[in-house]
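Please load the model in a viewer and keep the selection panel at hand. The tour proceeds from one selection to the next.

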Amino acid sequence: MQNFPIPFKVNQSLPAEQECSEQAGTLKNSENVAAFQYHQLSAALIVVNMADFLSMDLPERGFLLEPVIPTQGIIILYAPRRIGKTFTALSMSLAVAGGLSLYNWQASKPNKVLYVDGEMPAITMQERLKALALGMAAPEIAMQNLSLITPDMQNRPMPDLATAAGQQALEPFLEHIDLLVLDNISTPCRTGKENESQSWQPMQTWLLDLRRRGIAVLLVHHAGKSGDQRGTSARENIMDTVISLRRPKVYNMAEGARFQIHLTKARSITGKDALPFEVHLKAENNVLHWDVFEIQEAELEQLKKLLGEG
């Protein structure tokens with residue numbers, strides 16, 4: 001079986017380094033500078049014929065959190081405000097970092113996670129993580145594998161990850177990372193218009209490059225008034241999994257984080273794994289733990305509760 005890397009030739013017609021510098025200088029302060037330099041300094045594309053491609057010994061694609069976060073996966077989780085997006089994203093991160101189970105999902109082994117929070121006060125993040133870690137019985141390896149970047153801990157504004165400069169600021173912290181979590185994309189991705197697919201292109205290019213490098217990404221986002229993820233639908237084009245958190249038909253605000261989980265896009269997820277289910281985050285003595293129900297079971301319990309209350 002043929003293995004990587006495949007020998008290839010660099011395009012010899014590229015301008016010399018000095019000529020590249022002179023041409024780039026004429027584009028100074030232009031938004032095209034970064035793209036110009038990238039294309040000039042990058043190597044030639046690799047082309048493989050079908051016979052060689054089929055004979056390659058490619059590694060099987062595993063999961064960081066089966067079945068929703070595949071290795072090198074790009075995932076988006078969205079919901080209306082105050083439904084439980086961050087609790088869910090933190091729990092998924094702890095599961096991946098500690099090799100734990102969460103809901104109906106399972107991480108087979110611990111992996112490195114970088115969680116980039118865009119808006120949460122540090123003390124709130126600390127309290128939530130501590131309570132979730134206790135409820136999930138997170139091992140010491142989870143504490144070591146999960147790293148956080150949060151605004152209150154910085155001596156400068158958070159970088160704008162919709163720009164090349166912002167992405168570069170994150171680069172030193174991505175070494176050996178298996179999962180990058182961005183919570184939520186509206187806050188650290190400030191450049192461009194949310195409803196325009198063209199504004200999404202710089203982020204999409206970056207996400208695909210992270211996938212190429214073996215890094216999975218979980219994006220946390222808001223739902224719009226329609227209930228779908230807010231802004232351009234073009235975001236979902238490259239997603240492996242789209243996770244929608246929704247309020248149950250019968251819900252009381254006093255219940256806190258109780259919601260349904262629906263997979264609205266699920267590559268290679270079939271059968272029972274693709275079915276929606278309901279979860280409820282419960283607090284006991286500063287410990288947070290999740291209860292999981294099938295949708296019909298949860299609705300029946302709510303009906304019994306309502307009948308009991310008269």
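**Stop 1: an aromatic cluster**

Select Trp 290, which is buried, with a relative accessible area of 13%. The model is a predicted one, and the values quoted along this tour are computed from it.

Add Tyr 103 to the selection. Its relative accessible area is 12%, so Tyr 103 also falls under the 20% limit for a buried residue. The ring centres of Tyr 103 and Trp 290 lie 5.1 Å apart and the planes make 90 degrees; the pair is therefore edge-to-face. This contact links distant parts of the chain, 187 residues apart: Tyr 103 belongs to the loop between strand E4 (101-102) and strand E5 (105-106), whereas Trp 290 belongs to strand E13 (residues 287-294).

Next, select Trp 105, which is buried, as is Tyr 103. How are the rings of Tyr 103 and Trp 105 arranged? Their centres are 5.2 Å apart with the planes at 70 degrees, an angle over 60, so this pair is edge-to-face.

Extend the selection to Phe 259 and Phe 277: together with Tyr 103, Trp 105 and Trp 290 they form one aromatic cluster. A search of the whole structure gives 5 aromatic pairs.

**Stop 2: the sheet**

Switch to a cartoon view and follow the open sheet of 9 strands, ordered E7-E6-E8-E9-E3-E10-E11-E12-E13, with mixed pairing. Which strands form the edges? They are strand E7 (146-149) and E13, each of which pairs on one side only. On average, neighbouring strands of this sheet are turned by 20 degrees against each other, direction ignored.

Now isolate strand E3 (residues 74-79) and strand E9 (residues 216-222). The two run parallel and are joined by 6 bridges. Within this pairing, Ile 75 is opposite Leu 218 of E9.

**Stop 3: helices against the sheet**

Display helix H4 (residues 85-98), which lies across several strands, including E3, strand E6 (113-117), strand E8 (179-183) and E13. The direction of H4 makes about 160 degrees with that of E6.

Then display helix H5 (residues 122-135). H5 packs on the sheet and touches E6, E7, E12 and E13; the angle between the directions of H5 and E13 is about 60 degrees.

**Stop 4: a charge over a ring**

Finally, select Arg 128 and Phe 87. The charged end of Arg 128 sits over the ring of Phe 87, at 4.2 Å from the ring centre.

How values were computed
Residues are numbered from 1 along each chain as its sequence is written. This is a predicted model: local features need pLDDT of at least 70, side-chain atom pairs count only at pLDDT 80 or more; totals for chains, interfaces and linings use all residues. Side-chain values use heavy atoms; hydrogens and water are left out. Rings of Phe, Tyr and Trp (its six-membered ring) pair if their centres lie within 6.5 Å; planes under 30 degrees apart count as stacked, over 60 as edge-to-face and the rest as tilted. Buried means under 20% relative accessible area, exposed over 50%, partly exposed in between (1.4 Å probe, protein chains only). Helices (H or I, at least four residues) and strands (E, at least two) are DSSP runs, numbered from the N terminus. A charge sits over a ring if NZ of Lys or CZ of Arg is within 6 Å of the ring centre and within 35 degrees of the ring normal. Two strands pair if DSSP finds at least two bridges between them. Axes are lines fitted to C-alpha atoms, for helices over the stretch in contact, and angles run from 0 to 180 degrees between N-to-C directions. Contact means heavy atoms within 4.5 Å.
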